[in-house]
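This briefing introduces a single protein chain. Please look through the sequence and the structure before reading the points that follow.

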Amino acid sequence: GKGGVGKSNIAVNLAVACAERGQRTALLDADLGLANADVLCGITPRSTLEDVVTGERTLDEVAVLAPGGFRLVPGASGVSRLADMGQSARREVFAQLLELERSVDVLIIDTGAGIGANSMAFAAAADTILITTTPEPTAIADAYGAIKTLVARGRREGIRLVVNMAS
């Protein structure tokens, strides 16, 4: 739904928790164009998802070991061509994502806010979707809009709601 509700913080902390439980865990920062999981992890990656989209690297090559013991596939920030990634580039990333998925127990995908094609495609590919919101009216409305969009695209199961920053 809305930006600023803590999606990336939850994704990173969930990845750390899974890794601490002994699960081989990877986190794909698929917030295309405004990624920040690397910032939350305190790392500066040499390669990002942008290098994957341009064909210069594979997902496996850009993945880095993050603090907490999980593999992070960093996204790029401030890259408009990545934010506007087309269907063919998305297909290539998804093909590589299947390869990555085979090498881990848990794959977490941190998508961007909104109901754009890329965010919805990444969400729809997941077994479980965690819609994150806060108890603020616009955040709730945007979360509802994201759920409506997923349901309209045929998703009926596996959608969960996380209310962050709530007492």
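**Helix H7 and the chain around it**

The buried residues of helix H7 are Asn118, Ser119, Met120, Ala121, Phe122 and Ala123. They amount to six of the eight residues in this helix, which runs from 117 to 124 and is mostly covered. The model is a predicted one, and the points below place this helix within the chain as a whole.

**Surroundings of helix H7**

- Several strands help to cover the buried residues of H7, including E1 (25–30), E4 (106–111) and E5 (129–133).
- Helices also contribute to this cover, among them H5, H6 (87–102) and H8 (137–152).

**Confidence of the prediction**

- The mean pLDDT of the chain is 93, and 100% of the residues reach a score of at least 70.
- Among the elements, strand E3 (residues 70–73) has the highest mean pLDDT, at 98.
- The lowest mean pLDDT among the elements, 74, belongs to helix H5 (residues 80–83), and H5 is also one of the elements covering the buried residues of H7.

**Overall architecture**

- The chain contains eight helices and six strands.
- Their order along the sequence is α-β-α-α-α-β-β-α-α-β-α-β-α-β.
- The C-alpha trace spans about 40 × 35 × 30 Å along its principal axes.
- A compact globule of 167 residues would have a radius of gyration near 15 Å, and the value of 15 Å for this chain agrees with that.
- Of the contacts between residues at least 6 apart in sequence, 76% join residues at least 24 apart.

**Burial, surface and charge**

- Of the 167 residues in the chain, 44% are buried.
- The accessible surface amounts to about 8700 Å², and carbon and sulfur atoms account for 50% of this area.
- There are 16 positive and 19 negative side chains, and the centres of these two sets are 5 Å apart.

**The start of the chain**

- Glycine 1 lies in the segment that precedes helix H1 (7–20).
- Is glycine 1 buried or exposed? Its relative accessible area is 18%, and because the cut-off for burial is under 20%, glycine 1 is buried.
- Leaving aside residues up to four places away in sequence, glycine 1 touches Ala113, Gly114, Asp142, Ala143 and Ala146.
- Glycine 1 and leucine 65 are separated by 64 residues in sequence, and their C-alpha atoms are 29 Å apart in space.

Definitions and conventions
Residues numbered from 1 in each chain as written. Predicted model: local features only at pLDDT ≥ 70, side-chain atom pairs only at ≥ 80, totals over all residues. Heavy atoms only, no water. Helix = DSSP H or I, 4+ residues; strand = E, 2+ residues; numbered from the N terminus. Rg over C-alpha atoms; globule rule 2.2 N^0.38 Å. Buried < 20%, exposed > 50% of the residue type's maximum accessible area, 1.4 Å probe, protein only. Contact = heavy atoms within 4.5 Å. Areas by Shrake-Rupley, 256 points an atom, 1.4 Å probe, with all protein chains shown as cover. Lys, Arg positive; Asp, Glu negative; His and termini not counted. Charge placed at Lys NZ, Arg CZ, Asp CG, Glu CD. pLDDT = per-residue confidence, 0-100.
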